[in-house]
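This briefing is meant to be read beside the sequence and the model. Please have both open while going through the points on charged residues, cysteines and nonpolar cores.

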Amino acid sequence: GTCGTVTSNTVTLTVQTPPVITDQPDNLTQCEGTNATFSVTATGTGLTYPWRKGGANIGGATNTSFTINNIAPSDAGNYDVVITGTCGTVTSITASLTVQTAPVITDQPDDLAQCQGTNATFNVTASGTISTYQWYKNSVIIGGATSSGYTINNIAPSDAGNYHVVITGPCGTATSNIAVLTVQTPPVITDQHDNLTQCEGTDATFSVTATGT
């Protein structure tokens, strides 16, 4: 003014920003019993992070990351986080949790006893997350036998043996019991009985030799 100057106190302008997600949570596919962690990165003022499963809030899950320990199939589902700040809210994309389980055999292959020339089929039933089936004969891999069932067409005696299957998944393997294939063969006479001419009062014996079941 005409007679001097005076300076006011300093006042601070704080600019608060709305929440913005810079890194979304990722889908997870993990084995049962492991720990699954969802995380999110966001900018903004006064942020809180309530996580949800299937649209319902998860008690105590209010940090930038959310971990489920020792996951079970019941934990599978869709997860998101609603980030709330001083200047608004923003909801993350939905991230899915897929829980994979180890293969478990629920029905073992059975022993088979069949006639030569028929078709023999071994079957196995299993639950869990399964990638491959591999059948073995006498502990040797059978090429191309990679289904839950294995059929041998027109069986011969050489097909007789011990069979089993190894089931493999991302969370482990399961090996079936041994199933025995017995190939039954038709009777074949290899040595016929002979004509006999003997004296009265002696013992007469007819005999035959045969193969087969």
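The points below are grouped by topic and describe a predicted model.

**Charged residues**

- Applied to the whole model, the rule for charge pairing gives a count of 1 salt bridge, and Asp80 forms a salt bridge with Arg52 in which the closest N and O atoms are 2.7 Å apart.
- Because Asp80 belongs to strand S8 and Arg52 to strand S5 (residues 51-53), this pair ties together parts that are 28 residues apart in sequence.
- The two partners differ in their exposure class, since Asp80 counts as buried at 8% relative accessibility, while Arg52 is partly exposed with a relative accessible area of 21%.
- Asp75, which sits in the loop between strand S7 (65-68) and strand S8 (77-85), is buried yet has no salt bridge, and the nearest side chain of opposite charge, that of Lys53, is 5.0 Å away.
- That distance does not meet the requirement for a salt bridge, which is a side-chain nitrogen of Lys or Arg within 4 Å of a carboxyl oxygen of Asp or Glu.
- Leaving aside residues up to four places away in sequence, Asp75 touches Lys53, Ile68, Asn70, Leu97 and Val99.

**Cysteines**

- A search of the whole structure finds 1 disulfide, formed by Cys31 and Cys171, whose sulfur atoms are 2.1 Å apart.
- The torsion about the S-S bond of Cys31 and Cys171 is about -95°, and the disulfide is therefore left-handed.
- Cys31 lies in strand S2 (residues 28-31) and Cys171 in the loop between S18 and strand S19 (172-175), so the pair ties together parts that are 140 residues apart in sequence.
- Cys31 is partly exposed, with a relative accessible area of 21%, and Cys171 also counts as partly exposed, at 22% relative accessibility.
- As for other cysteines, Cys87 is partly exposed with a relative accessible area of 38%, whereas Cys199 counts as exposed at 59% relative accessibility.

**Nonpolar cores**

- The largest nonpolar core has 19 residues, and those with the most contacts inside it are Phe122, Val124, Trp135, Tyr150, Ile152, Tyr163 and Leu181.
- At least two residues of this core come from each of strand S13 (120-123), strand S15 (132-137), strand S17 (149-152), strand S18 (161-169) and strand S20 (179-184).
- Ile152 touches Thr118, Asn119, Ala120, Phe122, Asp159, Tyr163 and Leu181, when residues up to four places away in sequence are not counted.
- A second, separate core of 18 residues includes Trp51, Ile71, Val81 and Ala95.

Terms used
Residues are numbered from 1 along each chain as its sequence is written. This is a predicted model: local features need pLDDT of at least 70, side-chain atom pairs count only at pLDDT 80 or more; totals for chains, interfaces and linings use all residues. Side-chain values use heavy atoms; hydrogens and water are left out. Helices (H or I, at least four residues) and strands (E, at least two) are DSSP runs, numbered from the N terminus. Buried means under 20% relative accessible area, exposed over 50%, partly exposed in between (1.4 Å probe, protein chains only). Lys and Arg count as positive and Asp and Glu as negative; His and the chain ends are not counted. Contact means heavy atoms within 4.5 Å. A nonpolar core is a set of buried Ala, Val, Leu, Ile, Met, Phe, Trp, Tyr and Cys residues joined through side-chain atoms within 4.5 Å. A disulfide is a pair of cysteine sulfur atoms within 2.5 Å.
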